[in-house]
Amino acid sequence: IRTLTENRYKLNEGKTKQIFELVDEPGHVLVQSKDQITAGNAVRKDQMEGKAAIANRTTSCVFKLLQEAGIKTAFVRQQSETAFVAAHCEMIPIEWVCRRVATGSFLKRNPGVKEGYRFSPLKMEMFFKDDANNDPQWSEEQLLETKFSLAGLNIGRCEVDIMNRSTVAIFEVLERAWATQNCTLVDMKIEFGVNVRTKEIVLADVIDNDSWRLWPAGDRSQQKDKQVYRDLKEVTPEAMQMVKKNFEWVSERVKLLLEPKACGRVVVLMGSTSDLAHCEKIRKACGSYGIHCVLRVTSAHKGPDETLRIKAEYEGDGVPTVFVAVAGRSNGLGPVMSGNTAYPVINCPPITPDWGAQDIWSSLRMPSGLGCSTVFSPDAAAQFAAQIFGLSDHLVWSKLRASMLNTWLSLKQADKKLQACSL
């Protein structure tokens, strides 16, 4: 029997949260955190005042980071200090565990592996959510043979591959983000659900300080995650204060993950305004990565002094800059820029059907000592610039990583549809 309270029905209650269906928002649920901390399938269970707010703050920031990168999640918005709104999903009863460093239960299940062994590529494991049997480890074959069907979606090979690939991307985005705080993301567990409206598999449930191991400076003795609580020999008020302090540390630090570590810009130099449409495509593509883009007009052939003055203007304010040279016919702009700046220069010439095959050599064959690259597509030129900035800005890198994932997902889903049509 469902009870209606404050325009919401309780759908489910777990150890650390309650899920409510929202009457006023069809297709959405409210995820309400609880002030409870547990370990070992609730063998150990304690109240921790303020945990609900800390957990909600942490998970909301993590989901915002992932969504801004371009990864699909169930998260909609933070609703209150202790709750957030999410898309209604039927949960797939599998915990996906991704490991960078060997520790914890992995060592018990794999004797002979030393703690600290680094997995490259990441180590993937899955566990069936079954408290009575202590969440047994499953193989992909077991998951496939179970033939789950949730919200009208059959969980087959395609869906398992999607969750596997997505887990790796999600881990890598969060690993890169935590590295900006000199923290090692050791391992992480996540869950997926099927959005009841769109029938898509999305990252669901929560990602908070119960979900991962975090070691500042890669040092286990400084661990800040729930393992501190698991490791307590005795639960005392003083011990619980220490656990809470660690959780608060994480919830404060996680907000910093949403801040860019470096600001950069792309300066597009065009030889003529006739190339403006080509340059606008570069600017639009830069915007998709969150990179500021400036358009300027200058000709290295007709006004080399002005070209070098513009170059000096952008070198002089200390903002990391990538120059993109857009010049048709004979490209003097890219080579002149590359020969006079230590900043990266990308040639992106607009190719015309008449002389394009001949003109392109002025961008490809450079005098010695010049290091500018040549990219024909405006989108690809912006992507190349983003890859340069991504080396120092985790938010730009995350957008690139999510874009890779989404390209792979679209191919996987297109293949599934084609196979369904062929059968």
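Me: Two strands pair if DSSP finds at least two bridges between them. By that criterion, what makes β4 and strand β8 a pair?

Reply: β4 and β8 (residues 83–87) are joined over five bridges in the antiparallel sense, and the criterion asks for at least two, so they count as paired. Within this pairing, V31 stands opposite F84. The strands themselves are DSSP runs numbered from the N terminus, with E and at least two residues for a strand, and H or I and at least four residues for a helix. The model is a predicted one, in which local features need pLDDT of at least 70 and side-chain atom pairs count only at pLDDT 80 or more, while totals for chains, interfaces and linings use all residues. Residues are numbered from 1 along each chain as its sequence is written, and side-chain values use heavy atoms, with hydrogens and water left out.

Me: Why is strand β4 described as largely enclosed?

Reply: Five of the six residues in β4 (residues 28–33) are buried, so the strand is largely enclosed by the rest of the structure. Buried means under 20% relative accessible area, exposed means over 50%, and partly exposed lies in between (1.4 Å probe, protein chains only). Across the chain, 48% of the 423 residues count as buried.

Me: How do you know which strand forms a hairpin with β4?

Reply: The partner is β3, with five residues between the two strands. β3 (residues 17–22) pairs with β4 in the antiparallel sense over five bridges, and E21 stands opposite V29. In the turn, G27 has a positive phi of about 85°.

Me: What makes the five-strand sheet open, and which strands are its edges?

Reply: The order is β19-β18-β20-β21-β22, with parallel pairing. The edge strands β19 (292–297) and β22 (373–374) each pair on one side only. The pairing of β21 with β22 is parallel over two bridges, so it meets the minimum for a pair. N347 has T374 in β22 as its bridge partner. Strands of a sheet pair through backbone hydrogen bonds, either parallel or antiparallel.

Me: Why is R265 called buried, while G264 is called partly exposed?

Reply: R265 has a relative accessible area of 8%, which is under the 20% limit and therefore buried. G264 has 23%, which falls between the limits of 20% and 50% and is therefore partly exposed. R265 lies in strand β18, whereas G264 is found in the loop between α6 (237–256) and β18.

Me: What makes the side-chain pairs of R265 polar contacts?

Reply: A polar contact is a pair of N or O atoms within 3.5 Å; within protein, one must be able to donate a hydrogen and the other to accept it, and residues adjacent in sequence count only if both atoms are side-chain atoms. The side chains of R265 and D317 are joined at 2.8 Å, and those of R265 and T321 at 2.9 Å. Both distances are within 3.5 Å, so they satisfy the distance limit.

Me: Which residues does G264 touch, and by what rule?

Reply: Contact means heavy atoms within 4.5 Å. Not counting residues up to four places away in sequence, G264 touches I291, H292, V319, P320 and F389. The C-alpha atoms of G264 and I291 are 6.7 Å apart, with their positions 27 residues apart along the chain.

Me: How do you know how the span of helix α12 compares with expectation?

Reply: The expected span is 1.5 Å times one less than the number of residues. Helix α12 (residues 378–390) has 13 residues and reaches 18 Å from first to last C-alpha, close to the expected 18 Å. S377 caps its N-terminal end, with a side-chain oxygen 3.2 Å from the backbone nitrogen of D379. The buried residues of α12, including A386 and F389, pack against elements among which are α4 (157–179), β18 (265–270) and α13 (394–422).

Me: What makes a set of residues a nonpolar core, and which members of the largest one touch the most others?

Reply: Such a core is a set of buried Ala, Val, Leu, Ile, Met, Phe, Trp, Tyr and Cys residues joined through side-chain atoms within 4.5 Å. In the largest core, of 64 residues, I155, I170, L174, I207 and W212 touch the most other members. α4 supplies the largest share, 12 residues. A second, separate core of 24 residues includes V268, L295, A386 and L400.
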